[in-house]
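Reader: I should like to learn how to read charged pairs and sheet packing in a model of this kind. May we work through them one feature at a time?

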Amino acid sequence: MKDARELWRKSIHPDDYERVLQVGRDYRVGKTFEYEVEYRAITRHGHVVWLISKGAAVGRDADGSALRMVGTVMDITERKQAEEKMVALNRELDEANRQLRLAYAWMRDNRDHLRDASSRRSASSWNRHRPNGKCPRLP
């Protein structure tokens, strides 16, 4: 049992290591009421995967410290990748919305100028397609 625990500890990603162990310590001494932690682990092949550990104390001593715990570990890598993709897409969407708001504000602030330019363009376009200002005859 001790070897399995040591193997698990060694697999925890270095950036998550202290946080994961602290969550476990807090639960075992009764500071928190549930044990659940998401973290990265490194497989024996060197791949980084996301895991979620959930557990419960099945026995506590008089001080409330856990004597024995049971739990599960589940691979949530696909979910985390989907979440990361959603965050990236939301950033892109936020940037597109920001640019649209800027464009709208610019158009609102310059609408009179744009309307005048559009009127001039329409008038010159009308005359350009009608030689001598006359309407073309339909067959």
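Reader: Which side chain meets that of K80 in a salt bridge?

Author: In general, side chains of opposite charge can pair when their charged atoms come close. This is a predicted model, and in it the side chain of K80 meets that of E38 in a salt bridge, with 2.9 Å from N to O. The pair links distant parts of the chain, since K80 belongs to helix α3 and E38 to strand β1, 42 residues apart.

Reader: Is K80 buried or exposed?

Author: K80 counts as buried, because its relative accessibility of 14% falls under the 20% limit. E38, at 23% relative accessibility, counts as partly exposed.

Reader: Which residues are joined with E38 into one network of salt bridges?

Author: Salt bridges that share partners join E38 with R79, K80 and E83. Within this network, R79 forms a salt bridge with E38, the closest N and O atoms lying 2.6 Å apart. R79 lies in helix α3 and E38 in strand β1, so this pair ties together parts that are 41 residues apart in sequence. R79 itself counts as partly exposed, at 36% relative accessibility.

Reader: How many salt bridges does the model contain?

Author: The count comes to 10 salt bridges. One of them joins R19 and D16, with 3.6 Å between the closest N and O atoms. The partners of this pair can be read by accessibility as well: R19 is partly exposed, with a relative accessible area of 40%, whereas D16 is buried, with 5%.

Reader: Let us turn to the sheet. What is the order of its strands?

Author: As a general idea, strands of a sheet pair through backbone hydrogen bonds, either parallel or antiparallel. Here the sheet is open and has three strands in the order β1-β2-β3, with antiparallel pairing. Its edge strands are β1 (35-42) and β3 (66-75), each of which pairs on one side only. On average, neighbouring strands are turned by 30° against each other, direction ignored.

Reader: Over how many bridges do β2 and β3 pair?

Author: Strand β2, residues 48-60, pairs with β3 in the antiparallel sense over nine bridges. As for individual partners, A57 has M69 in β3 as its bridge partner.

Reader: Which strands does helix α1 touch where it packs on the sheet?

Author: Helix α1 (residues 2-11) touches β1 and β2, and its direction makes about 70° with that of β1. Helix α3 (residues 77-109) also packs on the sheet, touching β1, β2 and β3. The direction of α3 makes about 125° with that of β2.

How values were computed. Residues numbered from 1 in each chain as written. Predicted model: local features only at pLDDT ≥ 70, side-chain atom pairs only at ≥ 80, totals over all residues. Heavy atoms only, no water. Pairing = 2+ DSSP bridges. Helix = DSSP H or I, 4+ residues; strand = E, 2+ residues; numbered from the N terminus. Axes fitted to C-alpha atoms, helices over the stretch in contact; angles between N-to-C directions. Contact = heavy atoms within 4.5 Å. Salt bridge = Lys/Arg side-chain N within 4 Å of Asp/Glu carboxyl O. Buried < 20%, exposed > 50% of the residue type's maximum accessible area, 1.4 Å probe, protein only.
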